[in-house]
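Good morning, and thank you for making time for this item. I should like to discuss helix packing and salt bridges, so please keep the display in view.

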Amino acid sequence: MQEQGVEAWVRQTADRRIEPGKGDPRHSEWYAQQMSQTAQHVVMETLAYLASVDLTPILPQITAPALVLVGEHSAMNTSDRTRSLAELLPKGRLVEVAGASGYVQHSAPEQCVAIWREFVKAAA
C-alpha cells in the first residue's frame, strides 16, 4: 500500500471485506472507489494500530448494549468467532445477517442499518 497507493491496496485486499462472487459486482466497484478515497496516512495508521492491539480483554467492561453482526456466509468472521466476542459483552447481542458474507457492514449495509434501528428501538 505504501508503494502502490490506497486504490491498489483496496483492490488487492477487498476480497477480505466483500467476498468475491457473493454480491452485486456494482456494489463491489462502488466500495472500492469509496475506500480508495481514504488518505494513505489514515490507512497506514489504522493498519498499524489494528495489528498491535487486542481489545478483547476490555470487552467485559463495556456495559452499554452492544450489537455484534456477522454474515451468514462469512469465511473470516465466523459465527463461532463473533459469538465468543458477543459473549464477552455483558449486554452483547449477536445477530447473523442472512445471506451476507465478508465484513457484513460492507456486504449488506442496508440489512445492517435495519437491524441496528431495531436494536436501538429495543434498547431505548
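In which hand of crossing does H1 pass H2? The crossing is right-handed. Before I go further, please note that this is a predicted model.

Let me set out the geometry. Two packed helices are described by the angle between their axes and the distance between the axes. Here, helix H1 covers residues 6-17 and helix H2 covers residues 25-35; they pack at an angle of about 135°, and their axes are 9 Å apart. Angles over 145 degrees would count as roughly antiparallel, and those from 65 to 115 as roughly perpendicular. H1 and H2 are therefore oblique to each other.

Which residues make this contact? On the H1 side they are Val6, Trp9, Val10, Arg11 and Arg17. H2 contributes Glu29, Tyr31, Ala32, Gln33 and Met35. By character, the residues of this contact divide into six nonpolar, one polar and three charged.

I now turn to the salt bridges. A search of the whole structure finds four of them. One joins the side chains of Arg11 and Glu29, with an N to O distance of 2.8 Å. Because Arg11 lies in helix H1 and Glu29 in helix H2, this pair ties together parts that are 18 residues apart in sequence. Arg11 is partly exposed, at a relative accessible area of 39%, and Glu29 is also partly exposed, at 30%. The pair belongs to a wider arrangement: a network of salt bridges links Glu7, Arg11 and Glu29.

Next, consider helix H4, residues 79-88. The side chains of Asp80 and Arg83 meet there in a salt bridge, at 3.0 Å from N to O. Both residues lie in H4, three residues apart, which is about one turn of the helix. Are these two partners buried or exposed? Asp80 is exposed, with a relative accessible area of 58%, whereas Arg83 counts as partly exposed at 36%.

Finally, there is helix H6, residues 109-123. Glu118 and Lys121 form a salt bridge through their side chains, with N to O at 3.7 Å. They are three residues apart in H6, so about one helical turn separates them. Glu118 counts as partly exposed at 48% relative accessibility, while Lys121, at 61%, counts as exposed.

To close, I return to the helix pair: H1 and H2 cross in a right-handed sense, and the salt bridge of Arg11 with Glu29 ties the two helices together. Thank you for your attention.

How values were computed: Residues numbered from 1 in each chain as written. Predicted model: local features only at pLDDT ≥ 70, side-chain atom pairs only at ≥ 80, totals over all residues. Heavy atoms only, no water. Axes fitted to C-alpha atoms, helices over the stretch in contact; angles between N-to-C directions. Helix = DSSP H or I, 4+ residues; strand = E, 2+ residues; numbered from the N terminus. Parallel < 35°, antiparallel > 145°, perpendicular 65-115°, else oblique. Left-handed = near helix turned anticlockwise from the far one by under 90°. Contact = heavy atoms within 4.5 Å. Nonpolar A, V, L, I, M, F, W, Y, C, P; charged D, E, K, R; others polar. Salt bridge = Lys/Arg side-chain N within 4 Å of Asp/Glu carboxyl O. Buried < 20%, exposed > 50% of the residue type's maximum accessible area, 1.4 Å probe, protein only.
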